[in-house]
Structure formats: C-alpha cells, structure tokens
Amino acid sequence: ARDAAASGDVAALLETAIRLEKDSVLFYNELLPEVDEKDAPAVQEIIEEEKRHVRLLVEAKKRLKS
C-alpha cells in the first residue's frame, strides 16, 4: 500500500484497499461463531460495514477506469 501510494498508482492502492477489506470480512466471518450470542449482532454489523467498504472501493476503481 505504501509503494502504491508513493508511486501515485491509485488503481493499485484501491486494489490493495479492496483486498484488505475482503480480508476483514473473512476475519469477522470466522470470528462470528466464536462470540457470545449477545455480541453476534455487533460482529454482523461490522461484517456488513466492511462489505459496504468493498462495494464503495470497487465503484471507485470502476470510475477511475472510465
């Protein structure tokens, strides 16, 4: 991410951000079965927020290409 940012390669930076957000979704999905029932809605909310981030970044990348 630092190399992409330093080089000004916005597409590469967006791709890195997308990958990191997807990794976060995977992490929280793996965590979900391990949390208390009372905490599960909060973790699910985090997962949904991370998915929104992925969609926003993908849209930004599409706009960059056009």
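Contact here means heavy atoms within 4.5 Å; keep that in mind when we get to what covers helix 2. One more thing before you start clicking: this is a predicted model.

**Whole chain**

Show the C-alpha trace first. Along its principal axes the trace spans about 45 × 25 × 10 Å. The radius of gyration is 15 Å, whereas a compact globule of 66 residues would come out near 11 Å. Switch to cartoon and you get three helices and zero strands, so to speak an α-α-α pattern when read along the sequence. Of the 66 residues, 18% are buried. If you have a contact map handy, look at pairs with a separation of 6 or more: 57% of those contacts are between residues 24 or more positions apart.

**Colour by pLDDT**

The chain averages 93, with 95% of its residues at 70 or more. Which element has the lowest mean, and which the highest? Helix 1, residues 2-7, is at the bottom with 72, and helix 3 is at the top with 96.

**Select 10-31**

This is helix 2, with 22 residues. From its first C-alpha to its last it reaches 31 Å, close to the 32 Å expected at 1.5 Å a residue. Now pick out its buried residues: Leu 14, Thr 16, Ile 18, Glu 21 and Val 25. What covers them? Helix 3 (40-65) is part of the cover, so add that range to your selection and keep both on screen.

**Select Phe 27 and Tyr 28**

Stay with the aromatics for a moment. The structure holds one aromatic pair, and it's these two: Phe 27 and Tyr 28 sit edge-to-face, 5.0 Å centre to centre with 75° between the planes. Buried or exposed? Both land in between: Phe 27 is partly exposed at 48% relative accessibility, and Tyr 28 is partly exposed too, at 23%. Since the cut-off for buried is under 20%, Tyr 28 with its 23% doesn't make it.

**Salt bridges**

Side chains of opposite charge can pair when their charged atoms come close. There are five salt bridges in the structure; here are some to visit.

- Glu 15 and Lys 61: the N to O distance is 2.2 Å. Glu 15 belongs to helix 2 and Lys 61 to helix 3, so this pair ties together parts 46 residues apart in sequence. Glu 15 is partly exposed, at 36% relative accessibility.
- Asp 39 and Lys 38: these side chains meet at 3.4 Å, N to O. Asp 39 counts as partly exposed at 31%, while Lys 38 counts as exposed at 65%.
- Glu 59 and Lys 62: the closest N and O atoms are 3.6 Å apart. Both residues lie in helix 3, three residues apart, which is about one turn of the helix. Glu 59 is partly exposed, with a relative accessible area of 38%.

**Last stop: Lys 65**

Where does Lys 65 lie? In helix 3. Colour it by accessibility: at 68% relative accessible area, Lys 65 is exposed, because exposed means over 50%. Then draw a distance from its C-alpha to that of Gly 8. The two residues are 57 apart along the chain, and their C-alpha atoms are separated by 15 Å.

Terms used
Residues numbered from 1 in each chain as written. Predicted model: local features only at pLDDT ≥ 70, side-chain atom pairs only at ≥ 80, totals over all residues. Heavy atoms only, no water. Helix = DSSP H or I, 4+ residues; strand = E, 2+ residues; numbered from the N terminus. Expected span 1.5 Å × (residues − 1). Buried < 20%, exposed > 50% of the residue type's maximum accessible area, 1.4 Å probe, protein only. Phe/Tyr/Trp six-rings, centres within 6.5 Å; stacked < 30°, edge-to-face > 60°. Salt bridge = Lys/Arg side-chain N within 4 Å of Asp/Glu carboxyl O. pLDDT = per-residue confidence, 0-100. Rg over C-alpha atoms; globule rule 2.2 N^0.38 Å.
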